[in-house]
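This report describes the fold, the core, the surface and selected local contacts of one protein chain. The sequence and the structure come first.

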Amino acid sequence: ELASSLAPLQEGACASRLRKESDALQTVPIVGSTILGVLLNMDAIAAAEPKVLLIEEAAEIPEATLIAILRMPSLERCVMIGDHQQLRPTTNSYELRV
């Protein structure tokens, strides 16, 4: 009972947070984050419709995650930064392995 009565409040709070985050992101020309930050805030970032996305920790991005990120319609450029000396790139596809 309590959970069902709190569900609409939680949905409203999530929608309000998403609106605030996407409004803040629309004021900047470039959105930058670690890959985890992008994944946790994907809805807000997509709603802000960025043209440029800067992602750190690129060596740790699995192919499926990258495809999901690149499907943002507004995205014109995705800059990925990674240190190949710190973390060796990983792939799930045998054909793409070095």
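## Basis

Two residues are said to be in contact, or to touch, when heavy atoms of theirs lie within 4.5 Å. By this criterion, and leaving out residues up to four places away in sequence, Ile30 touches Val52 and Leu54. The model is predicted.

## Overall fold

The protein chain contains 4 helices and 3 strands. Read from the N terminus, the order of these elements is α-β-α-α-β-α-β. Of the contacts with a separation of 6 or more, 50% join residues that are 24 or more positions apart.

The chain has 98 residues, 20% of which are buried. Its accessible surface is about 7300 Å², and carbon and sulfur atoms contribute 57% of that area.

## Nonpolar core

The largest nonpolar core has 12 residues: Val31, Ile35, Val38, Met42, Ile45, Leu53, Ile55, Ala58, Ile61, Ile69, Met72 and Leu75. At least two residues of this core come from each of helix H2 (35-40), helix H3 (42-48) and strand E2 (52-56). In soluble globular proteins, nonpolar side chains tend to be buried together.

Ile55, one of the core residues, has contacts in several parts of the chain. With neighbours within four places in sequence set aside, Ile55 is in contact with Ser33, Thr34, Ile35, Val38, Ile61 and Ile69, and also with Cys78, Val79, Met80 and Ile81. Among these partners, Ile35, Val38, Ile61 and Ile69 are themselves listed in the core.

Thr65 is located in helix H4. Thr65 counts as buried, because its relative accessibility is 17% and the limit for burial is under 20%. Beyond residues up to four places away in sequence, Thr65 touches Ile35 and Leu39.

## Strand E1 and the nonpolar patch

Ile30 belongs to strand E1, which covers residues 30-34. The C-alpha atoms of Ile30 and Leu53 are 6.0 Å apart in space, while the two residues are 23 apart in sequence.

Ile30 also takes part in a nonpolar surface patch of about 290 Å², together with Leu54, Val79 and Ile81. Ile81 is in strand E3, residues 77-81. With a relative accessible area of 39%, Ile81 is partly exposed, and patch residues must have over 30%.

## Salt bridge

What is the count of salt bridges in the structure? There is 1, and Lys51 forms it with Glu76, with 3.7 Å between the closest N and O atoms. Lys51 sits in the loop between H3 and E2 and Glu76 in the loop between H4 and E3, so the pair ties together parts that are 25 residues apart in sequence. Side chains of opposite charge can pair when their charged atoms come close.

The two partners fall in separate accessibility classes. Lys51 counts as partly exposed at 48% relative accessibility, whereas Glu76 counts as exposed at 62%.

## Ser74 and the loop between H3 and E2

Ser74 is placed in the loop between H4 and E3. Is Ser74 buried or exposed? Ser74 is buried, because its relative accessible area is 19% and the limit is under 20%. Its contacts, not counting residues up to four places away in sequence, are with Glu49, Pro50 and Lys51.

Two backbone oxygens are reached by the side chain of Ser74. A polar atom of this side chain lies 2.7 Å from the backbone oxygen of Pro50. The side chain of Ser74 also reaches the backbone oxygen of Glu49, at 3.4 Å.

Glu49 is in the loop between H3 and E2 and counts as exposed at 56% relative accessibility. Its phi is near 55°, a positive value in a residue other than glycine. Most residues other than glycine have a negative phi.

## Pro62 and Asn92

Pro62 lies in the loop between E2 and helix H4, the latter spanning residues 63-70. At 31% relative accessibility, Pro62 counts as partly exposed. Pro62 and Asn92 are 30 residues apart along the chain, and 6.9 Å separates their C-alpha atoms.

Notes:
Residues numbered from 1 in each chain as written. Predicted model: local features only at pLDDT ≥ 70, side-chain atom pairs only at ≥ 80, totals over all residues. Heavy atoms only, no water. Patch = residues over 30% accessible without salt bridge, like charges linked within 9 Å, V, L, I, M, F, W, Y side chains within 5 Å. Areas by Shrake-Rupley, 256 points an atom, 1.4 Å probe, with all protein chains shown as cover. Salt bridge = Lys/Arg side-chain N within 4 Å of Asp/Glu carboxyl O. Buried < 20%, exposed > 50% of the residue type's maximum accessible area, 1.4 Å probe, protein only. Core = buried A, V, L, I, M, F, W, Y, C linked by side-chain atoms within 4.5 Å. Polar contact = N/O pair within 3.5 Å; in protein donor to acceptor, adjacent residues only side chain to side chain.
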